[in-house]
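Let's take a walk through this one together, starting with the empty spaces and then moving out to the helices and a few individual residues. Have the model open and follow along.

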Amino acid sequence: MTWHACDPQYGPSFQQLTWQVSPETPSRLRVTISPTAVKRWRVPDSIVPRPGPAAGLTASSLLYDVSLPEPGAPFALQVTRRATGQAIFDTTGHQFVFKDQFIQLTTNVPEDADLYGLGEATLRGGLLLPRNGSVITLWARDVAAAVTDWNLYSAHPFYVQVNKDGTSHGVLLLNSNGMDVLLNQTSLTYRAIGGLVELYLFLGPTPEAVIRQYHELIGRTAMQPYWALGAHQARWGYQNLSVFEDVVSNYSAAGLPLENIFADIEYQGDNFRTMTFSEDRYPAAKMKAFAAKLHARGQHWVPIINPAVGAQPGFRAFDEGNRDDVWIKDTSGRPYVGQVWPGAAVYPDYLAAPNISSWLQRQLTTFYRQAPFDGMWLDMNEASNFCGGQVCEVDYSNATSLYYLKQKTPKDFDLTDFFKPRVTCWLSCKQPAVVSSLSSPPYKIHNGGFGFGRQAPLQSGVIHPTAVHADGTTEYDAHNLYGTTMAMRFHAAFTAITGKRPFILSRSSFPGAGRFAARWTGDNVARWDELFHSIAGVLNNNMWGIALAGADICGFYDMAPEHHVWSAEHALPEAEYEELCNRWTMAGAFYPFSRNHLAANHLTRAHEPYRWQSVAAAHRKAYGLRYQLLTYIYSSLFVAHSRGGTLARPLLFTDSSDAAARNATAQWMLGEALLVSPVITPNTTRITPHFTAGSWYNAWDLTRMDVTTGGQVALDVPLGEVAVHLRGGAVIPMQPYANVTRDVRYAPMTLIVTLPAQQSSGSQAAATAQGPLPPHVLDEPCAAALARHAGQLVSCGLLYSDGDTLQVSEDNTVQVWFTAATAPAGRSGSVRSAVKANAGPGSGKLRIEALVIAGVPTQAADAAPTASIAGQDGEAHASYDAATGVVRIEGINLEAGQAFELNWSI
């Protein structure tokens with residue numbers, strides 16, 4: 001296409017562009033635009049796999065139409081939904097700009113549509129993207145998540161649009177360069193400072209369908225080990241191994257579940273040498289013995305690893321990295337030197353160094369042999385840098401800088417006097433005679449930084465954008481990929497060393513990171529608004545393909561960040577701090593990744609749950625329910641891993657036509673069937689959460705609530721309680737509580753069948769039109785059951801079990817779909833299982849000992865409950881609770897991996 005733009009702002013435009021429109025599936029379209037005959041940076045396939053066009057794709061199967069400009073006409077791209085003509089992406093009326101360091105692409109957005117997903121930023125309003133001229137900036141930064149509106153640790157240029165009628169679609173601009181996204185009432189504008197236009201459109205039409213289609217492109221979420229769903233504890237500042245051990249003992253003494261404890265940088269050797277143990281604080285031999293005790297009890301430990309490697313001659317990781325040439329280079333061709341916790345430090349080139357995998361595997365192998373760990377916690381991998389100069393080095397003539405750069409870690413890990421000097425840049429950084437356009441591009445993205453507002457230079461707090469990778473790629477292009485490439489390499493190394501399924505927890509991410517890592521939302525603060533903001537963080541990560549996501553329960557800091565100085569001025573009074581931690585513990589028990597995490601003593605008051613009796617009681621209650629639901633959560637994770645989609649999702653995903661549900665962002669669904677509605681404000685015991693139309697069941701007593709049209713419902717939630725509801729139309733496996741996941745995993749289970757409010761409409765197409773969506777409607781076994789049992793009350797669910805193998809298949813897993821068909825009057829029905837796989841350690845172990853039907857008519861005076869299993873003589877024991885409308889069938893003792901049919905009536 002010939003290009004005639006002459007606007008000189010931000011540099012000259014390319015005169016000729018080539019574009020390609022590529023249908024890839026009936027619901028996915030790819031559009032690329034790049035300068036003709038000019039090689040441009042693009043995101044590597046190792047990060048986003050790009051599956052390409054589906055085999056056998058035909059024009060008649062496409063759900064979209066594309067309108068292209070006539071030769072010589074102004075640029076315009078219009079993509080519409082074929083069935084309705086509804087616009088999916090429409091640049092009409094907007095200028096398209098493509099320059100070397102500035103790309104601008106705008107699409108029209110209806111005023112009555114709602115947008116979700118772009119990030120990463122903590123938005124004051126929560127999940128819903130503001131349409132008031134706001135700018136979302138994508139440039140990964142080590143900025144506390146408590147800072148609202150600034151760009152944070154990750155970059156995700158993807159959004160979901162939910163239209164007035166509930167139909168939804170998604171848009172990805174696959175570009176890793178720094179970027180602003182401008183949002184107003186009628187349009188959305190991408191402004192990128194490099195790369196090319198690689199646009200993907202996803203037709204949905206439901207929000208969850210959009211997410212599944214997106215994950216098919218970028219890669220579906222990792223299947224995490226089962227234990228990762230347990231309760232986690234971490235603190236920056238468990239001063240020594242004795243304190244570390246005491247934390248585990250205190251959990252046990254309080255009768256609280258603890259699955260895993262994280263070791264922060266205090267375990268590391270002098271000058272925070274990565275992948276080493278401090279013989280003063282965490283002696284390797286004693287750490288190995290402690291790890292063995294944890295493993296014997298079914299518990300785990302995970303060490304933190306930061307990317308920066310101390311530039312200390314004699315340190316093995318540094319010396320071997322020099323030999324193997326694995327460091328990112330500066331413009332002089334020498335290893336790029338920054339400053340982080342070790343002082344002067346260099347950065348592994350996880351993107352392109354040829355020897356990076358072998359170097360990393362050697363370091364990790366040595367570390368693992370000292371004290372076998374169970375996963376890796378990757379922090380500060382934006383990558384963080386306390387200096388950020390273009391070419392930096394240690395000034396050996398400056399005694400003050402030498403003192404602070406080489407200051408050893410305090411043996412007692414009291415960081416009160418150590419912290420501030422260490423985060424101050426002491427390197428000598430040379431300023432180039434000519435400022436590179438890579439560090440000062442013509443267009444300045446709204447980069448957040450202390451002392452700069454939203455005008456911080458690109459190099460502020462990170463590796464300088466002029467730094468170079470082994471293949472010639474600059475940090476300017478690849479900066480936003482650092483965290484993902486690090487997670488990818490550690491995932492592979494952990495697998496090679498241990499032969500186990502990896503658990504990798506990463507702070508920074510980009511599309512595709514979910515194939516390798518879980519995430520936490522970063523450094524939050526003990527404030528009520530941060531509890532609210534945590535919900536959006538968890539839900540956004542799930543939309544981005546990172547299912548195992550969570551926020552720091554009770555807040556990482558309990559003091560507000562102001563101008564890079566942590567002040568206790570806004571810290572909560574002790575009684576309110578306890579109340580906040582009580583409420584946050586009960587909410588956080590239902591994050592996919594659930595971890596209490598706090599900062600060092602000089603920044604944070606202790607808030608492990610055993611510190612207060614009230615919080616300990618709240619922890620027991622909330623995690624008591626979570627652990628009974630572990631296999632349900634794990635089965636839901638498997639759906640996301642194998643089919644794409646979310647583990648935690650916004651309530652609106654259950655009914656996108658419910659306009660009020662679109663801003664019900666203080667709640668979330670966990671899987672298809674669990675709704676969590678926490679208290680997020682102080683001195684509150686009565687809340688009015690939103691419920692979409694259908695039947696909902698109190699998870700604590702199975703009492704039924706019918707909602708005819710979506711709306712708010714008043715609930716009393718005293719301190720120490722949390723509102724959790726099961727959705728009608730589901731089959732949910734539950735197991736007895738135990739303090740560690742190992743003792744829950746293969747325990748006998750009870751199936752909970754929740755009757756829906758509406759009879760099946762008879763087909764998946766009808767079910768995915770307007771109104772509430774039945775649970776698992778996108779999954780074939782349940783869609784088939786809905787069609788097969790038209791006119792009946794249909795419930796559906798999945799049981800999945802494995803042995804944490806590296807790869808999962810029908811040869812090493814148990815996969816059973818349960819469907820329940822109930823007569824419209826709710827007084828009789830059947831429950832059937834369809835066994836897709838029956839292998840692995842769960843085969844023969846997993847048994848169903850009881851079945852509960854919730855939602856049958858109450859006060860049925862003539863009730864005579866009966867139950868029988870096809871092919872078995874006699875009847876199972878059935879009881880009926882007239883007050884709650886619950887039928888309980890016990891003593892059935894069925895092997896979960898063998899198909900059965902159970903019939904019941906009252």
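What volume does the largest cavity have? Keep in mind that this is a predicted model. The answer is about 240 Å³. Around that cavity sit 22 lining residues, and Ala-121, Thr-122, His-533, Ala-536 and Gly-537 are the ones closest to its centre. Two elements, β9 (119-121) and α10 (528-543), give two or more residues each to the lining. Of these, α10 has the largest share, with seven residues. By class, the lining of the largest cavity splits into ten nonpolar, ten polar and two charged residues.

A search of the whole structure turns up eight cavities of 30 Å³ or more. The second largest cavity comes in at about 120 Å³. It has 14 lining residues, with Glu-208, Arg-649, Phe-653, Glu-672 and Leu-773 nearest its centre. The class count for this lining is six nonpolar, four polar and four charged.

Now for a space that is open. The second largest pocket has a volume of about 550 Å³. Its lining takes in 22 residues, and those nearest the centre are Ala-311, Pro-313, Ala-344, Val-394 and Tyr-396. Look for β22 (343-346), β24 (391-393) and α6 (399-406), each of which supplies at least two lining residues. The top contributor is α6, with three. Sorted by class, the lining of this pocket has 13 nonpolar, two polar and seven charged residues.

From here, move to α5, residues 356-370. Why does its length make sense? At 1.5 Å a residue, the 15 residues of α5 should span 21 Å, and the end C-alpha atoms are 22 Å apart, which agrees. The buried residues of α5 are Ile-356, Trp-359, Leu-360, Gln-363, Leu-364, Thr-365, Phe-367 and Tyr-368. That spacing is worth a thought: an α-helix has 3.6 residues a turn, so residues three or four places apart point the same way. Among the elements covering the buried residues of α5 are β19 (300-305), β20 (309-310), α4 (316-324), β23 (376-378) and α9 (482-498).

Since α4 has just come up, turn to that helix next. In α4, the buried residues are Ala-317, Phe-318, Glu-320, Gly-321 and Asp-324, and they pack against β20, β22 and α5. Right after α4 comes Asp-325, with a positive phi near 55°.

That brings us to the backbone oddities. Most residues other than glycine have a negative phi, and most peptide bonds are trans. Phe-413 has a positive phi near 55° and is found in the loop between α6 and α7 (419-422). Is Phe-413 buried or exposed? With a relative accessible area of 5%, Phe-413 is buried. Asn-893 has a positive phi too, near 45°, but its place is in a strand, β51 (residues 886-895). As for cis peptide bonds, one runs from Gly-204 to Pro-205, with omega near 20°. Pro-205 sits in the loop between β16 (197-202) and α1 (207-218). Another cis bond joins Glu-382 and Ala-383, with omega about 5°, and Ala-383 is in the loop between β23 and β24.

Two side chains round off the tour. Arg-515 is in the loop between β26 (504-506) and β27 (518-520), and it counts as partly exposed because its relative accessibility is 22%. Leaving out neighbours within four places in sequence, its contacts include Ser-46, Ile-47, Val-48 and Pro-49, as well as Ile-218, Gly-219 and His-491. A polar atom of the Arg-515 side chain lies 2.9 Å from the backbone oxygen of Ser-46.

The other is Ser-833, in strand β47 (residues 828-838). At 10% relative accessibility, Ser-833 counts as buried. Setting aside residues up to four places away in sequence, Ser-833 touches Val-816, Trp-817, Phe-818, Gln-898, Ala-899 and Phe-900. With Phe-900 there is a polar link as well: its backbone nitrogen lies 3.0 Å from a polar atom of the Ser-833 side chain.

Technical notes
Residues are numbered from 1 along each chain as its sequence is written. This is a predicted model: local features need pLDDT of at least 70, side-chain atom pairs count only at pLDDT 80 or more; totals for chains, interfaces and linings use all residues. Side-chain values use heavy atoms; hydrogens and water are left out. On a 1 Å grid over the protein atoms alone, a cavity is a set of points where a 1.4 Å probe fits but cannot get out, and a pocket is an open set with protein on both sides within 12 Å along at least five of seven lines; lining residues have an atom within 4 Å of a point. Grid points are joined across faces, edges and corners, and a volume is the space filled by probe spheres set on the points. Helices (H or I, at least four residues) and strands (E, at least two) are DSSP runs, numbered from the N terminus. Ala, Val, Leu, Ile, Met, Phe, Trp, Tyr, Cys and Pro count as nonpolar, Asp, Glu, Lys and Arg as charged, and the others, Gly among them, as polar. The expected span of a helix is 1.5 Å times one less than its number of residues. Buried means under 20% relative accessible area, exposed over 50%, partly exposed in between (1.4 Å probe, protein chains only). Contact means heavy atoms within 4.5 Å. A polar contact is a pair of N or O atoms within 3.5 Å; within protein, one must be able to donate a hydrogen and the other to accept it, and residues adjacent in sequence count only if both atoms are side-chain atoms.
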